[in-house]
Amino acid sequence: MSENQKLSPAKFGLLGFQHMFAMFGATVLVPALTGLSVSATLLFAGLGTLLFHLITKGKVPAFLGSSFAFLGGYFAVAGMEQFADGTMNWIPYAGVGVAVAGLIYVIVSALFRLWGPERVMRFFPPIVTGPIIICIGMILANSAINNCAANWWIAILAVGIVIVFNIWGKGMLKIIPILLGVVGSYVVAALCGQVDFSAVADAKWLGVPFQWKDTTFSLIGNTDWSTLISCILTMAPIALATMMEHIGDMSAISSTVGKNFIKDPGLHRSLLGDGCATALAALFGAPANTTYGENTGVLALTRVYNPAVVRMAAVLAVIFSFCPKFAALISCMPTATIGGVSMILYGMISAVGVRNIVENQVDFAKSRNVIIAAVIMSLALGINFSTAGAIAFTIAGVKISLSGLAVASLVGIILNAVLPGNDYVFGKNEQGDQAVNFKV
């Protein structure tokens, strides 16, 4: 069906709700896991999507929702000793780090425009990004098990529902397994009296979606520069993984619609849109954004490729963001439900890293590739699970802490650049280019 086909107002609205429904479960799961604002998440998922469509000339039917790849960074920042006593709010500091990650998107998009993706991507091949993604999931796995321990039966129910609908679901049900897993286990937990709905009863029907204390602007005149630099160095390298996800999503959407969006409007525009949307969300205390595979599934299911329908879903997300009672309902989600769903999610992140390596046919018979992967994984996991949890040093009187992922990313990029034998060519393997997708 043509993306320009006219739709009746009723069908247009129904399709818009369907796109919002598809992205909803995964998008609100990120604030549920991290403690970020559900309302702000919905607001800037909607606004970020509209900004993306503006920058890409309204040609790409993509929805931008919460990025799972940054979860490890959020947990690392929240766990820093500077925030342990609660006197400093970690959210705006993490927001600055994510905004810098968005700036990296902008810089890379400019390089794509000037030099072309082939030359730029040689610095970020799968032998670097794959092990980094594997480590992101492995670092997170411990928190998933701890959440499951709150009630293993509810957690197992959530896992079971996700698996059943992911493998045997049909149509729309196959596209939203996370949402179904959350709702199903949530309802059972509520019926068993394990959910406290008092916060929902106390919440207002209308309210501002974000709080000033969570915005990066709250740091003006009150910034701990040492902590800020450490947070930037923790969050920013994750952009290496999410840029690969973006490229894979653009390839998948192009294949679904039958148009080459990598050429028109171009990766430089889509990366710019994704980066600007991520930076905007981060400035106001919302999670980083990314193009959503769930909505690509809806495109394939409905065969309606009109970008205006996706923009309708974005407007609906903005409207729902102004309902604190709705956000409170999400915040009451049982810990075990979060644990069950995130157990699949975190393991899947590592599996995506493996897929990225396998489908790009990385040759581990080459010593350079073995060395790069070994060093990245040893540094990322070794530093993260060490007593200190980071490498700390002082420059010009400012104490800086580097997370394991930050050190591993930097060292991996440098090793790939200096060791001979880098034969990665972007665009040569279409299946490999689509291998990074963090969605269940």
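**Close-up views of helix packing in a predicted model**

**View 1. Helix α3 crosses helix α4.** The axes of α3 and α4 cross at roughly 140° and come within 10 Å. The model shown here and in every view is predicted. At that angle α3 counts as oblique to α4, because the angle lies outside the ranges for roughly parallel, roughly perpendicular and roughly antiparallel. The crossing of α3 past α4 is right-handed. On the α3 side, the contact is made by Tyr74, Val77 and Ala78. On the α4 side, Trp90, Ala94 and Val98 take part. By class, this contact of α3 with α4 has six nonpolar residues, no polar ones and no charged ones.

**View 2. The buried residues of helix α3.** Helix α3 covers residues 71-78. Its buried residues are Leu71, Gly72, Gly73, Tyr74 and Val77. They pack against several helices, α4 (90-115) among them. The other partners are α1 (9-34), α6 (126-148), α11 (225-235) and α17 (335-359).

**View 3. Tyr74 and the nonpolar cores.** The largest nonpolar core holds 121 residues. Within this core, Phe68 and Tyr74 touch the most other members. A second, separate core has seven residues, including Ala40, Ala281, Phe284 and Ala286. Neighbours within four places in sequence are left aside in the contacts that follow. Tyr74 is in contact with Thr34 and Leu36. Trp90, Ala94 and Val98 are also contacts of Tyr74. So are Met235, Ala286, Pro287 and Ala288.

**View 4. Helix α6 alongside helix α19.** Helix α19 covers residues 404-418. The axes of α6 and α19 come within 10 Å and cross at roughly 165°. That angle is over 145 degrees, so α6 is roughly antiparallel to α19. The crossing is right-handed. From α6, the residues that meet α19 are Ile127, Val128, Ile132, Cys135, Ile136 and Ile139. From α19, they are Leu405, Ser409, Gly412, Ile413 and Asn416. The contact of α6 with α19 has eight nonpolar and three polar residues, and no charged ones.

**View 5. Ile376 in helix α18.** Ile376 sits in α18, which covers residues 367-384. Ile376 has a relative accessible area of 0%, so this residue is buried. Leaving aside neighbours within four places in sequence, Ile376 is in contact with Ile127, Val128, Pro131, Ile132 and Cys135. Ala408 and Gly412 are also in contact with Ile376. Ile376 and Ala406 are 30 residues apart along the chain. Their C-alpha atoms are separated by 9.9 Å.

**View 6. Helix α12 beside helix α14.** Helix α12 covers residues 239-257, and helix α14 covers residues 293-302. They pack at an angle of about 5°, with their axes 10 Å apart. An angle under 35 degrees counts as roughly parallel, so α12 is roughly parallel to α14. Ala252, Ile253, Thr256 and Val257 of α12 make the contact with Thr296, Leu299 and Ala300 of α14. The contact of α12 with α14 has five nonpolar residues, two polar and no charged.

**View 7. Glu359 in helix α17.** Glu359 is found in α17. With a relative accessible area of 18%, Glu359 is buried, because the cut-off is under 20%. Residues up to four places away in sequence are not counted among the contacts here. Glu359 touches Asn429, Gln431, Gly432 and Ala435.

Note on methods
Residues numbered from 1 in each chain as written. Predicted model: local features only at pLDDT ≥ 70, side-chain atom pairs only at ≥ 80, totals over all residues. Heavy atoms only, no water. Buried < 20%, exposed > 50% of the residue type's maximum accessible area, 1.4 Å probe, protein only. Helix = DSSP H or I, 4+ residues; strand = E, 2+ residues; numbered from the N terminus. Contact = heavy atoms within 4.5 Å. Core = buried A, V, L, I, M, F, W, Y, C linked by side-chain atoms within 4.5 Å. Axes fitted to C-alpha atoms, helices over the stretch in contact; angles between N-to-C directions. Parallel < 35°, antiparallel > 145°, perpendicular 65-115°, else oblique. Left-handed = near helix turned anticlockwise from the far one by under 90°. Nonpolar A, V, L, I, M, F, W, Y, C, P; charged D, E, K, R; others polar.
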